[in-house]
Amino acid sequence: MNIFSFEFFTLWMISTIFYYTFAKSRQWLLLLFMSLIFYASSVSKAPMVLLLVSVLTYVSAVSITYARKRKEVSEHKLRRFKWFIECICIGALIIGSVTDWLAMLGNSYFTLKAISYLNDVERDEKNFEKNFFFYLLYLIYLPTILQGPFNRFLAFKESFAERVEFNYTDFLHGIQRFLWGAFKKLVLAARLEQITNYVYGSLNTQSGLSIILGTAACSLWLYTDFSGYMDLMLGMSKTFGIKLPENFRQPYFSKNIEEFWRRWHITLGGVLRDYVMMPFIQSKAGRSLRRRFKKYGKRAGKLAPILAGTLLVWISTALWHDFSWRYLIWGMYYCVIISSSLILEGTFTRIKQRLYITDTSKIYTAFSLIRTWTLLLVANVILQV
C-alpha cells in the first residue's frame, strides 16, 4: 500500500472517524488494527521477522521483570540473557535485510525499537508493558514503521494515558504538515532526484561543475525526500493526537559534521548514543581502555573510550543502512572526521584564539558552512559512485 494511494487515504479517513467516535477508551486498539492492515498490505512476504522479534522480546521482558522481582537470577545473568536475545534480534535483522524470502518493509525500525525497549526494561521495570498487543502497536505504529522516527516506549505510552479528544487546531496542523511533506517529497525531491540521476548516469560526459552541482542536488534530494516523509508521518500522527519526536532540525545550517549529525535523523542518533556508545563507555571494556591510555595523559585516557565508542556507532550506522562495503567506507569516513575533530579540538581552539577568531563572526560562520557542505558532498560521492 503506497502512502499516496487511494487505499491509504481511505484507511486513514475511516480510522480517523472511528478513532474519535466509536473507539472511546480503546483508541490504541483501532490504531493497532490500522497499522496491521497497512503492514499486511505493504509486505508481500510473510512477516516472520516481526513475529520473531515481537514475541521473543516480549517474553524476554516478562522473564527479566519477574526474575528480578523474585530475585531468582543475578543481575549479571539477566544482562547476559538480554544480550543473547538482542543478538538473535540483530541476526534476524541481518537475515531480513539480505535474504529475499525474509525481506519486509521497515524491519530495521521495529527491530531497533524492540532492542531499545528490552534495554529500558532491563534498566527499570517501570518500562515493562504487560499487554502484548499494546507493545506490538509500539513496534509497528503506522507513522513510524517505514522510516521512523524512533520513539521511546514510555513517551509513546503516555499518549494513551487518557482518551484523545478531537482538537480542530491540532487536526488542521497535522493536515497542513502532511501536505507540506507531500510537496517536499513529490515536487522538490522528485525534481532533485532527476537531476542527480542524470548527472551520475552520464559521468563521462559531464563537466566538473556539473558533477559538483549534481552532487549538491543529491544532498538536497536526500534531505527533501527524507524530511518530507517525516513531515507526512508526523502530520498524520498529529491528526490522531499523538506527538512524535522531531527527526530534523535544519541540518544544512550546521557548522561542523558532528553538529550536522545531531540535527539529521535526531532520533536514530539518540538511540545509538544511549544504547551503543554510552553502554560501551561505561562498560568494563571502556573503563579498561581509559586506564590503559591514561598513562599517555589524562586527556588521552578520557578520549580513548569515546573514540572507540564513536567507531562502534559508525560501524553500526553504516551496517544498519546497508550491508555493503560502500556504506562501511562511508561510515568510516564520518568516523575519521568526527574523531579527528575531537582529538584536535584543543589545537583548533588555540589557533582561533591566536588569530582572534570568534565562533560568532560572520566570516568564520561562512567558512564553517562551506567546510561542512564540502565534507558532506564528498560523503555523497562515496555513496553515488
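**View 1. Ser159 touches Val164 and Ile242, leaving aside residues up to four places away in sequence.** Contact here means heavy atoms within 4.5 Å. What you're looking at is a predicted model, where local features need pLDDT of at least 70, side-chain atom pairs count only at pLDDT 80 or more, and totals for chains, interfaces and linings use all residues. Residues are numbered from 1 along each chain as its sequence is written, and side-chain values use heavy atoms, with hydrogens and water left out. Ser159 sits in the loop between helix H8 (153-158) and helix H9 (168-201); helices (H or I, at least four residues) and strands (E, at least two) are DSSP runs, numbered from the N terminus. Ser159 counts as buried because its relative accessible area is 18%, and the cut-offs are under 20% for buried, over 50% for exposed and in between for partly exposed (1.4 Å probe, protein chains only).

**View 2. The side chain of Gln27 reaches the backbone of both Tyr19 and Val164.** Gln27 belongs to helix H2 (residues 27-42). On one side, a polar atom of the Gln27 side chain lies 3.0 Å from the backbone oxygen of Tyr19. On the other, the Gln27 side chain comes to 2.8 Å from the backbone nitrogen of Val164. Both are polar contacts, meaning pairs of N or O atoms within 3.5 Å; within protein, one must be able to donate a hydrogen and the other to accept it, and residues adjacent in sequence count only if both atoms are side-chain atoms. Apart from residues up to four places away in sequence, Gln27 touches Tyr19, Arg163 and Val164. With a relative accessible area of 3%, Gln27 is buried.

**View 3. Leu137 is tucked into helix H6 (residues 132-140).** How accessible is Leu137? Its relative accessibility is 0%, so Leu137 counts as buried. H6 as a whole is mostly covered, with 7 of its 9 residues buried; among them are Phe134, Tyr135 and Ile140. Leu137 touches Trp28, Leu31, Leu32, Ser35, Phe156 and Phe160, again not counting residues up to four places away in sequence. Leu137 and Leu36 are 101 residues apart in sequence, yet their C-alpha atoms are 8.7 Å apart in space. At the N-terminal end of H6, Asn131 acts as a cap: one of its side-chain oxygens lies 3.0 Å from the backbone nitrogen of Phe133.

**View 4. Arg263 and Glu259 pair up in a salt bridge, with the closest N and O atoms 2.6 Å apart.** A salt bridge is a side-chain nitrogen of Lys or Arg within 4 Å of a carboxyl oxygen of Asp or Glu. Arg263 and Glu259 are separated by about one helical turn because they are 4 residues apart in helix H11. An α-helix has 3.6 residues a turn, so residues three or four places apart point the same way. Both Arg263 and Glu259 are buried.

**View 5. Other salt bridges include Glu165 with Arg163, where the closest N and O atoms are 3.3 Å apart.** Glu165 is exposed, at 52% relative accessible area, whereas Arg163, at 28%, counts as partly exposed. Arg273 and Asp274 meet through their side chains at 3.1 Å, N to O, and Arg273 is partly exposed at 43% relative accessibility. Arg177, Lys184, Asp231 and Glu246 are linked in a network of salt bridges. The whole structure has 10 salt bridges.

**View 6. Two loop residues have a positive phi: His265, near 50°, and Tyr356, near 55°.** Most residues other than glycine have a negative phi, and most peptide bonds are trans. His265 lies in the loop between H11 and helix H12 (266-282), and is buried at 3% relative accessible area. Tyr356 lies in the loop between H16 and H17, and counts as exposed at 75% relative accessibility.

**View 7. The second largest pocket is lined by 25 residues.** Nearest its centre lie Asn256, Ser341, Phe348, Tyr364 and Arg371. On a 1 Å grid over the protein atoms alone, a pocket is an open set of points where a 1.4 Å probe fits, with protein on both sides within 12 Å along at least five of seven lines, and lining residues have an atom within 4 Å of a point. The volume of this pocket is about 720 Å³; a volume is the space filled by probe spheres set on the points, which are joined across faces, edges and corners. Helix H11 (257-263), helix H15 (325-343), helix H16 (345-354) and helix H17 (362-384) each supply at least two residues of the lining. The lining has 12 nonpolar, 5 polar and 8 charged residues; Ala, Val, Leu, Ile, Met, Phe, Trp, Tyr, Cys and Pro count as nonpolar, Asp, Glu, Lys and Arg as charged, and the others, Gly among them, as polar.
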